[in-house]
Amino acid sequence: MLASAFLAVSALTGAQNTAEITVHADQGGRLIPKEIYGQFAEHLGTCIYGGIWVGEDSPIPNTNGYRNDVLEALKKLKVPVMRWPGGCFADEYHWRDGIGPREQRPKMVNNNWGGTVEDNSFGTHEFLNLCELLGCEPYISGNVGSGTVEELAKWVEYMTSDGDSPMANLRRQNGREKSWNVKFLGVGNESWGCGGNMRPEYYSDLYRRYATYCRNYDGHRLYKIASGASDYDENWTRVLMERVGGQMNALSLHYYTVPGWSGSKGSATEFNKDEYYWTLAKCLEVEDVIKRHCAIMDQRDPQKRIALFLDEWGTWWDQEPGSIPGHLYQQNTMRDAFVAALSLNVFHKYTDRLKMANIAQVANVLQSMVLTKDEKMVLTPTYHVFEMYNVHQGATYLPLDLKCDTLGITMKPNIRFNEKVPVISATASKDQSGAIHISLTNVDLEKSNEVTINLPSVQAKTVTGRILTSANIDDHNTFDRPDLVTPSKFEGAKWNKGTLKVKLPAKSIVVLELK
Ligand code: AHR
């Protein structure tokens, strides 16, 4: 961090801050996997029912049962991959209950999430057809906690076999001739907790056993993901690397920006300045967590053959007052938008090992993209970050150096490593057409920031940009005011022979394009 005399003085006088960035456009090597922008759809609350799926007979405009407004919104995000059906739900889900004529499908109780009755009308066909409509890869999370090896093996056969096999024939009988393109297969979820309360040694053996029978059919090649650790549980990662090793293609990790696991998590929309800065520090701690798990993986797998998937992340607040207990329905403010932007900036840095991330959940639950109520839908501030940032998907990562001021935090619950929050955060990439995109955040609630960006070796003719900001940090979109927080054109960047001067307003997120 730049501890220059000027910055120290400016912080005291209330003048605007300054920062300096150098983007190394000539050092780009690896691509940012588009799967870093993955989504997660769980049978939880109204994520699926009401959020994505309303059924063909609904008065809500739909295509084959999927809400048109949500489909259109998700298409704009260019969703690369969607994980389903859970989460905790996955380890109680029995896929055979969700196929065949809908009126004949058995019901179940969703024990994890409020005891709601699940009628199984959204099952394998409905999910995989949705992925085809969105043009995204499905990521199936298999049941290890309460399902059998045979059940998971047969699900894989049902989805991916094209032969004259019993499961492929059952699929045909249910109206789908060709197999679906299913690559990502999770073998259990949070097996240390809701997925079976196992020890890592025991789960490692179970993983090996379940994974053995998940076959590659007819040209499909499964990419198998072992259920990984949460937060700081480095032992889980160590044991799996030792005992499962090369038998997994990826190991997962979960990290939530959450004040704690017991008691109140705080309101999504009512928070003070200290809680805001705590949130940023907590979300940035994901960097330390990723580094620690990567370091353990590096010891056994220096060639990075096994990927790390952060297949659940995001903010977790108290559910909205008046919403159904256990449904985890939460609002989403500019604060959440910052968590999205800062997290994505971190993820880009570790994509030598981190190959996928799935924010929880796509609709109506934790840090969602969309919220729905009957026929109405709003796009959340987090949605807007994902939409503005989608220029980075599949682009070449450009390393950068950043010098800026920091803010000390006063609250420490559930924080292990971070005491300070950098005022500016940034990431940069170059797409296939040669355009450079630089994403910048100024998290300071009061001060604008004059950012100087050096881009030696870059010859650009134009700079354009978009900004996401709002009068108050707790601003959010509601069904009555759906466009309170929405991106607009940004004209605060000036390009002059290799240097960009950017005036970033307080609490703003900007994505610039240089061509
Ligand atoms: O996202 C909500 C829950 O959080 C998921 O179902 C579970 O995997 C995690 O504990």
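The following questions and answers walk through a predicted model, from its domains to its strands, a helix and its cysteines.

Biologist: How are the residues numbered, and which pLDDT is needed for local features?
Modeller: Residues are numbered from 1 along each chain as its sequence is written, and side-chain values use heavy atoms, with hydrogens and water left out. Because this is a predicted model, side-chain atom pairs count only at pLDDT 80 or more, totals for chains, interfaces and linings use all residues, and local features need pLDDT of at least 70.

Biologist: Into which domains is the protein chain divided?
Modeller: The bounds come from an automatic or database domain assignment. On that basis the protein chain is divided into domain 1 (3–26 + 399–514) and domain 2 (34–262 + 307–393).

Biologist: How many residues of domain 1 are in contact with domain 2?
Modeller: The C-alpha centres of domain 1 and domain 2 lie 32 Å apart. Counting contact as heavy atoms within 4.5 Å, domain 2 contributes 32 residues, and the number from domain 1 is 36.

Biologist: Which residues of domain 1 lose the most area to domain 2?
Modeller: Buried area is the accessible area (1.4 Å probe) that two parts lose on being put together, summed over both. By that reckoning domain 1 and domain 2 bury about 2700 Å² between them, with 67% of it on carbon and sulfur atoms. In domain 1, 25% of what that side buries comes from three residues together, those that lose the most area: Asn414, Phe479 and Ile509.

Biologist: Which are the edge strands of the open sheet of five strands?
Modeller: Strands (E, at least two residues) and helices (H or I, at least four) are DSSP runs numbered from the N terminus, and two strands pair if DSSP finds at least two bridges between them. The open sheet has mixed pairing and the order S17-S1-S22-S26-S25. The strands that pair on one side only are strand S17 (400–403) and strand S25 (493–496).

Biologist: Which residue in S26 is the bridge partner of Glu450?
Modeller: Strand S22 (residues 449–454) and strand S26 (residues 499–504) pair over six bridges, in the antiparallel sense. Within S26, the bridge partner of Glu450 is Lys503.

Biologist: Which residue in S9 is the bridge partner of Ile140?
Modeller: Strand S8 (residues 137–142) pairs with S5 in the parallel sense over four bridges, and Trp84 stands opposite Ile140 in S8. S8 also pairs with S9 in the parallel sense, over four bridges. In S9, the partner of Ile140 is Leu185.

Biologist: How many of the eight residues of strand S10 are buried?
Modeller: S9 and S10 pair in the parallel sense over four bridges, with Leu185 opposite Lys224 in S10. Buried means under 20% relative accessible area, exposed over 50%, and partly exposed in between (1.4 Å probe, protein chains only). Strand S10 (residues 223–230) is mostly covered, and the number of its residues that are buried is seven.

Biologist: What covers the buried residues of helix H3?
Modeller: Helix H3 (residues 124–134) is mostly covered, with eight of its 11 residues buried, including Phe127, Leu128 and Cys131. Just after H3, Gly135 takes a positive phi of about 70 degrees. The covering elements include strand S4 (66–67), helix H2 (68–77), S5, S8, helix H4 (149–160) and helix H5 (166–173).

Biologist: Why is the disulfide of Cys88 and Cys194 left-handed or right-handed?
Modeller: A disulfide is a pair of cysteine sulfur atoms within 2.5 Å, and those of Cys88 and Cys194 are 2.2 Å apart. The torsion about their S-S bond is about -90 degrees, so the disulfide is left-handed. The pair links distant parts of the chain, Cys88 in the loop between strand S5 (81–84) and strand S6 (108–110) and Cys194 in the loop between strand S9 (184–187) and helix H6 (200–212), 106 residues apart. The handedness that follows from the torsion is therefore left-handed.

Biologist: Is Cys194 buried or partly exposed?
Modeller: Its partner Cys88 has 12% relative accessibility and so counts as buried. Cys194 has 32% relative accessibility, so this residue counts as partly exposed.

Biologist: Why is Cys47 without a bond to the closest cysteine sulfur?
Modeller: Cys47 has 0% relative accessibility and so counts as buried. The closest cysteine sulfur, in Cys131, is too far for a bond because the distance from the sulfur of Cys47 is 12 Å.
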